Amino acid sequence: MTPRTTTSSPAAAPSVRSPDPTTLSSGTPGATPSALLPLPSLADQAERLIALGVHDLAGLSGREVRHAVGRLAASVPDGGLLAVHPRLAAPSVLAPLLRLGDKEGFVVVDMDDVDRFEPLEGLELPEEALYVVTDVERGDDMANWSPDEALPEIVRRGRTPLVLSEGIHWALQAPDVVARNHCFMTIGSRLRKDKGRLDSRTPAVWISNGTGRDGKERRGAPKVGWCWAGNRHTWLGFASGAHRVGTEGR
């Protein structure tokens with residue numbers, strides 16, 4: 001079966017005027033984001049996930065992972081991000097696998113509902129167990145934009161915001177993508193409350209300062225947390241990709 005591409009964009013993007021980028025800082029003053037290393041090949045990413053035990057968490061065998069990736073690699077452009085569907089490997093079980101130095105990743109204590117965050121309306125993930133997100137970017141140029149401002153701009157560019165599980169996969173494969181003063185939000189994931197209203201929290205991956213309830217022992221650890229949809233942060237970009245490509249079956 002030929003791999004298929006998911007091209008849909010969020011249908012419910014907030015109608016918010018994008019800010020003039022010339023009036024906003026693109027990051028922490030004096031800090032310049034370093035060039036990100038290219039992602040490993042899909043085959044190497046598969047081996048990385050297997051070494052971390054992600055296949056076991058997802059109920060897949062190593063053989064199933066390698067077979068699916070072999071089919072994807074035949075027609076997906078180089079540089080794509082391999083992801084396991086969040087229904088099989090939820091953010092709460094992926095986050096502890098993150099590492100920066102000897103520090104283990106974690107989910108903030110006031111986000112115990114992290115696995116209830118789902119793709120935005122109109123943002124479709126391939127149904128297969130494994131799929132690829134092509135041309136991932138951290139969105140540094142939109143640092144100091146709010147999520148409500150950034151989403152319409154991502155859609156205008158013909159791109160799709162990453163969901164949280166995809167962002168964690170990216171950091172598992174390329175830890176340098178989570179850098180001091182240059183981290184990212186994954187605004188493709190949102191929580192729907194009663195009557196379909198969106199919760200105001202938007203997920204992000206950044207580095208803990210070891211303050212508050214994080215605990216001093218977690219200073220420098222990769223962290224899954226959240227920010228308000230209307231707030232701006234100079235050190236958070238908006239991760240996005242071009243397309244999602246899946247291949248039927250495991």
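**Reading helix H1 and its surroundings**

Modeller: The buried residues of helix H1 are Leu42, Gln45, Ala46, Leu49 and Ile50. Buried means under 20% relative accessible area, exposed over 50%, and partly exposed in between (1.4 Å probe, protein chains only). Helices (H or I, at least four residues) and strands (E, at least two) are DSSP runs, numbered from the N terminus. This is a predicted model in which local features need pLDDT of at least 70 and side-chain atom pairs count only at pLDDT 80 or more, while totals for chains, interfaces and linings use all residues. Residues are numbered from 1 along each chain as its sequence is written, and side-chain values use heavy atoms, with hydrogens and water left out.

Biologist: Where do the buried residues of H1 fall, seen down the axis of the helix?

Modeller: The arc is taken from the directions from the helix axis to the C-beta atoms. For H1 the buried residues fall within an arc of 140°, so they line one face of the helix. They pack against helix H2 (54-57), helix H3 (62-73), strand E2 (81-84), strand E7 (130-133) and H6; contact means heavy atoms within 4.5 Å.

Biologist: How should one read the crossing of H1 and H6?

Modeller: Axes are lines fitted to C-alpha atoms, for helices over the stretch in contact, and angles run from 0 to 180 degrees between N-to-C directions. The axes of H1 (residues 42-52) and H6 (residues 164-173) come within 10 Å and cross at roughly 95°. The two helices are therefore roughly perpendicular; angles under 35 degrees count as roughly parallel, over 145 as roughly antiparallel, 65 to 115 as roughly perpendicular and the rest as oblique.

Biologist: Which residues make this contact?

Modeller: H1 contributes Gln45, Arg48, Leu49 and Leu52, and H6 contributes His169, Leu172 and Gln173.

Biologist: Which residues of the largest nonpolar core touch the most other members?

Modeller: In soluble globular proteins, nonpolar side chains tend to be buried together. A nonpolar core is a set of buried Ala, Val, Leu, Ile, Met, Phe, Trp, Tyr and Cys residues joined through side-chain atoms within 4.5 Å. Here the largest has 70 residues, and Leu82, Val84, Leu130, Trp170, Val178, Val224 and Phe238 touch the most other members. Its largest share, 5 residues, comes from H6.

Biologist: Is Ala89, in the loop between E2 and helix H4 (91-94), buried or exposed?

Modeller: Ala89 is buried, with a relative accessible area of 0%. Leaving aside neighbours within four places in sequence, Ala89 is in contact with Val54, Val84, Leu94 and Ser165. Ala89 and Ser165 are 76 residues apart in sequence and 8.0 Å apart in space, C-alpha to C-alpha.
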